[in-house]
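Please examine the sequence and the coordinates shown below before reading on. The account that follows is meant to be read beside them.

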Amino acid sequence: MGRIVGPKPKPNTLAAPLLTSLDYARRRCNRALRRQPPPHPMLTSLPGPPFPRFALSCRNTPTSDASNSNQSRGGLPRFFSDVLPPAKGGVVRIKGDEFVHMTKVLRLAADDRVELFNGRGGLVEGCIQRIEHGGLNFVALEDPKLVPPQATQWHVYAAFGTLKGGRADWLLEKCTELGACSVTPLLTERCPSISDNRMDRLERVILAASKQCQRLHGMALNAPLKVSSLLPLVAESELSLIAVAGAAPAMSVFASSPRRTSSALIIVGPEGDFTDTEVNALTEAGAAPVGLGLLRLRVETATIALLSAATLWSDSQLTAV
């Protein structure tokens, strides 16, 4: 019987280079391991266990101390929940975006330990009890803690309604990280409006920034406010600062300010700055003009620069007591 002649099978041209590359990388790793020099005699003579090459983290990471005023050193993943378990052993249901973040993004599983905060100073440590379709159960491993605010409550009033290209998102994110108590869009003659849809997006930006910087007290995003409605708040405030070009430097204004204030206002105008009428009205109500240097700054830059300086000043007053 004759031999059947047909087309030759085509080689797998895609897999061959991949296998060759993997084999080549494996051979190089093996050669590098064989060429490693022996350990130094002094290191081998030291007492105690040998130095570990890798530090692998387990699921149950060390707990964080909520009583510590430094909130940036938490060790467990932290998620937002408006309702916390009332006591140890209590269970709450996590759904929505936080559920997706926990299970789809971070791929947490049952028995993983996490923390929940409510944005009002409440914090509780627990673990994931059970994961189901559309939600999971969180069980508290301790009683919830309540951490009161300890620094000056800075309220930011900035005319950022005309900012484009994600600049308003950046402003809100950095205000959250710097510990501002609230941010209010300011409506002025040169910035008369802000979109309602934009406000919804900014709320999500604030929540993500709060989780990232591990702050326990959420930053409020208030409804837009006109300058005329801001004047009574300035008159009642212990300290109000308004960014004005050519004014006295910020540090000199802080030096003459009250040493301890429970709350204060920061006011920044729009692109093109406040009008002379608006500046005169705010200063007559009690706002102190503050200069931020010789250069012209954008709205978001001026806001973060003044808030950073104010936060550092208020923190130094807190530690000096």
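The paragraphs below pass from the overall composition to the strands, the helices, the nonpolar cores, a pocket and two backbone angles.

The model is a predicted one. The protein contains nine helices and 13 strands. Of its 321 residues, 39% are buried. Among contacts with a separation of 6 or more, 78% join residues 24 or more positions apart.

A convenient place to begin is strand β3 (113-117). Four of the five residues of β3 are buried, so this strand is largely enclosed by the rest of the structure. Two pairings involve β3. Strand β1, residues 78-80, pairs with β3 in the parallel sense over three bridges, and F80 stands opposite F117 of β3. Strand β4, residues 122-132, pairs with β3 in the antiparallel sense over five bridges; here E115 has E125 of β4 as its bridge partner. The hairpin of β3 and β4 has four residues between the strands, and within this hairpin G119 adopts a positive phi near 75°.

A further antiparallel pairing joins β2 to strand β5 (residues 135-140) over four bridges. In this pairing V91 stands opposite V139 of β5. Strand β2, residues 91-94, has two distinct faces: V92 and I94 lie on the covered face, whereas V91 and R93 lie on the uncovered one.

The residue I94 appears again in the surroundings of M102, which belongs to helix α3. Is M102 buried or exposed? Its relative accessibility is 0%, and M102 therefore counts as buried. Leaving aside neighbours within four places in sequence, M102 contacts F79, I94, R107, L108, V114, I128 and L136. M102 and L136 are 34 residues apart along the chain, yet their C-alpha atoms are separated by 9.4 Å.

Helix α4 can be read in a similar way. Eight of the eleven residues of α4 are buried, so the helix is largely enclosed by the rest of the structure. These buried residues are R167, A168, D169, L171, L172, K174, C175 and T176. The helix is followed by G179, which has a positive phi near 90°.

Two of the buried residues of α4, L172 and C175, lead to the largest nonpolar core. This core has 35 residues, of which W154, F160, L172, C175, V183, L241 and I266 touch the most other members. At least two residues of the core come from each of β7 (153-158), α4 (167-177), α5 (196-213), β11 (240-243), α7 (250-255), β12 (263-268) and α9 (299-320). Helix α9 gives the most, with eight residues. Which residues does C175 touch, not counting those up to four places away in sequence? They are A180, V183, R215, M219, T303, I304 and L307. Another core, of 16 residues, lies apart from the largest one and includes A159, L186, L225 and I267.

The second largest pocket holds about 480 Å³ of space. Its lining consists of 23 residues, with A245, D273, R296, L297 and A302 nearest the centre of the pocket. By class, 14 of the lining residues are nonpolar, five are polar and four are charged.

One residue of that lining, D273, also introduces the last topic, the backbone angles. Most residues other than glycine have a negative phi. D273 nevertheless has a positive phi, near 70°. This residue lies in the loop between β12 and α8 (276-285). At 29% relative accessibility, D273 counts as partly exposed, because that class covers values between under 20% for buried and over 50% for exposed.

D111 likewise has a positive phi, near 80°, in a residue other than glycine. D111 lies in the loop between α3 (96-105) and β3, which returns the reader to the strand where the account began. Is D111 buried or exposed? With a relative accessibility of 52%, D111 counts as exposed, because the cut-off for that class is over 50%.

Notes: Residues are numbered from 1 along each chain as its sequence is written. This is a predicted model: local features need pLDDT of at least 70, side-chain atom pairs count only at pLDDT 80 or more; totals for chains, interfaces and linings use all residues. Side-chain values use heavy atoms; hydrogens and water are left out. Buried means under 20% relative accessible area, exposed over 50%, partly exposed in between (1.4 Å probe, protein chains only). Two strands pair if DSSP finds at least two bridges between them. A nonpolar core is a set of buried Ala, Val, Leu, Ile, Met, Phe, Trp, Tyr and Cys residues joined through side-chain atoms within 4.5 Å. Contact means heavy atoms within 4.5 Å. On a 1 Å grid over the protein atoms alone, a cavity is a set of points where a 1.4 Å probe fits but cannot get out, and a pocket is an open set with protein on both sides within 12 Å along at least five of seven lines; lining residues have an atom within 4 Å of a point. Grid points are joined across faces, edges and corners, and a volume is the space filled by probe spheres set on the points. Ala, Val, Leu, Ile, Met, Phe, Trp, Tyr, Cys and Pro count as nonpolar, Asp, Glu, Lys and Arg as charged, and the others, Gly among them, as polar.
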